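Visitor: I am new to this structure and would love a close look at a single part of it. Could you pick one strand, walk me through its surroundings, and then show me how the rest is laid out?

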Amino acid sequence: MIDVSAYLDRVGHTGPVRPDFETLRALHRAHGLAIPYENFDVQLKRPITTDPRAAFEKIVNRKRGGWCYEMNGTFGLVLEAIGFKVTRLSGQGAEPDSHLVLNVDLDGQTYVADVGFADGPIEPYALVEGPFSQGGFDYRLEFLEGGWRLHNHKFGAVPGFAAFGPDEPAMAARCQWLQTAPESAFVQNTTVFRRLPVGFISLIGRTLRTITPDGVAREDIPSADDYVATLKDRFALDLPETASLWPAICERHEHYLREAEARRAAKAAG
């Protein structure tokens with residue numbers, strides 16, 4: 001058995017805990033506000049698996065964040081321990097099986113619980129086709145043959161994802177690929193998100209973004225010390241070892257700027 005009380009302390013939930021929608025919504029929101037989405041173990045070359053118990057130990061006991069396999073893995077364990085009926089689904093973003101998402105069956109309705117979609121809905125949402133809004137952001141759920149697709153809000157870092165049936169072996173294989181393949185976005189960039197009561201903050205490379213329903217504000221982090229301090233102060237991540245990543249972060253940032261300038265020049269010439 002997992003220590004549900006330790007998880008509740010981690011996310012700061014002090015209310016009642018029952019297998020009902022009020023608990024599901026409260027824990028989903030609390031998880032998003034307390035625990036950042038981040039890929040620093042990939043960047044630091046520390047192996048990650050899809051084992052939800054390993055994720056629980058990392059996120060709850062070591063007070064880290066994680067990516068979707070870890071965030072939703074931990075959340076699913078907790079929901080099951082409380083008494084919810086949870087199904088783990090394989091989701092497809094830029095790559096097949098690159099996202100873990102949870103379906104929760106409750107009182108004759110299926111809800112999507114996804115604390116691992118970095119800038120997606122902050123609360124669970126009913127598996128009902130059509131548009132819906134949360135926190136000032138607009139989303140849309142589309143039914144597909146054999147699954148469904150979430151279309152993210154207009155400021156989302158990715159446009160959304162599609163979810164189909166459970167496929168644990170495929171997710172395990174993709175988890176390995178995402179942390180080792182040179183072409184993986186998680187290998188190429190440091191990524192961290194944290195939900196706010198309204199909106200999100202993100203730090204991709206050295207660019208800090210604040211995302212609200214009104215738009216996106218950007219600023220660049222000037223130094224390795226500032227990077228470590230930003231992680232601690234803004235994302236609740238005490239990771240001084242990330243200073244070792246700063247040269248590669250700056251190199252990728254400069255490469256991005258050169259590519260952006262080349263695209264602007266080509267557009268102007270064309």
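Guide: We will look closely at one strand and its partners, then step outward to a few other places and to the chain as a whole.

First, a word on what you are seeing: this is a predicted model, in which local features need pLDDT of at least 70 and side-chain atom pairs count only at pLDDT 80 or more, while totals for chains, interfaces and linings use all residues. Residues are numbered from 1 along each chain as its sequence is written, and side-chain values use heavy atoms, with hydrogens and water left out.

Our strand is β11, which spans residues 200–204. Helices and strands here are DSSP runs, numbered from the N terminus: H or I over at least four residues for a helix, E over at least two for a strand. β11 is mostly covered, with 4 of its 5 residues buried. Buried means under 20% relative accessible area, exposed means over 50%, and partly exposed lies in between, using a 1.4 Å probe and protein chains only.

Now for the neighbours of β11. Two strands count as paired if DSSP finds at least two bridges between them. Strands of a sheet pair through backbone hydrogen bonds, either parallel or antiparallel. On one side, β10 (residues 191–195) runs antiparallel to β11 and is joined to it by 5 bridges. Val192 has Leu203 of β11 as its bridge partner. These two strands make a hairpin with 4 residues between them, and Gly199 in that turn has a positive phi of about 100°.

β11 also pairs with β12 (residues 207–212), again in the antiparallel sense and over 5 bridges. Here Leu203 is matched with Leu208 in β12. β11 and β12 form a hairpin too, with 2 residues between them, and Gly205 in the turn has a positive phi of about 65°.

Step back a little and you can place these strands in an open sheet of 5 strands, in the order β1-β10-β11-β12-β13, with antiparallel pairing. At its edges stand β1 (37–38) and β13 (215–220); each has a single partner strand, so one side of each is left without a neighbour in the sheet.

Elsewhere in the chain, β9 (residues 160–163) makes a good comparison. Both of its faces are covered, since Gly160 and Ala162 on one side and Phe161 and Ala163 on the other are all buried. β9 pairs with β8 (residues 147–151) in the antiparallel sense over 4 bridges, and Leu150 stands opposite Phe161. β2 (residues 85–92) also runs antiparallel to β9, joined by 2 bridges, with Gln92 opposite Ala162.

β2 leads us to a helix, α4, whose buried residues pack against α1 (4–11), α3 (40–43), α5 (68–82) and β2. α4 covers residues 52–61, and its buried residues are Pro52, Ala55, Phe56, Lys58, Ile59 and Val60. At the start of α4, a side-chain oxygen of Asp51 comes to within 3.0 Å of the backbone nitrogen of Arg53. Just after α4, Lys63 has a positive phi of about 55°.

Another spot to find is Ser184, in the loop between α6 (168–180) and α7 (185–188). Ser184 is buried, with a relative accessible area of 1%. Apart from residues up to four places away in sequence, Ser184 touches Trp177 and Leu178, where contact means heavy atoms within 4.5 Å. A polar atom of the Ser184 side chain lies 3.2 Å from the backbone nitrogen of Phe186.

What about disulfides? A disulfide is a pair of cysteine sulfur atoms within 2.5 Å, and by this rule the count comes to 0. Cys68 is in no disulfide, and the nearest cysteine sulfur, that of Cys175, is 8.1 Å away. Cys68 is buried, with a relative accessible area of 3%.

Finally, the whole chain. The protein chain has 9 helices and 13 strands, and 51% of its 270 residues count as buried. Its C-alpha atoms fill a box of roughly 60 × 40 × 35 Å along the principal axes. The radius of gyration is 19 Å, which agrees with the value near 18 Å for a compact globule of 270 residues; this radius is taken over C-alpha atoms, and the globule rule is 2.2 Å times the number of residues to the power 0.38.

Conventions: Polar contact = N/O pair within 3.5 Å; in protein donor to acceptor, adjacent residues only side chain to side chain.
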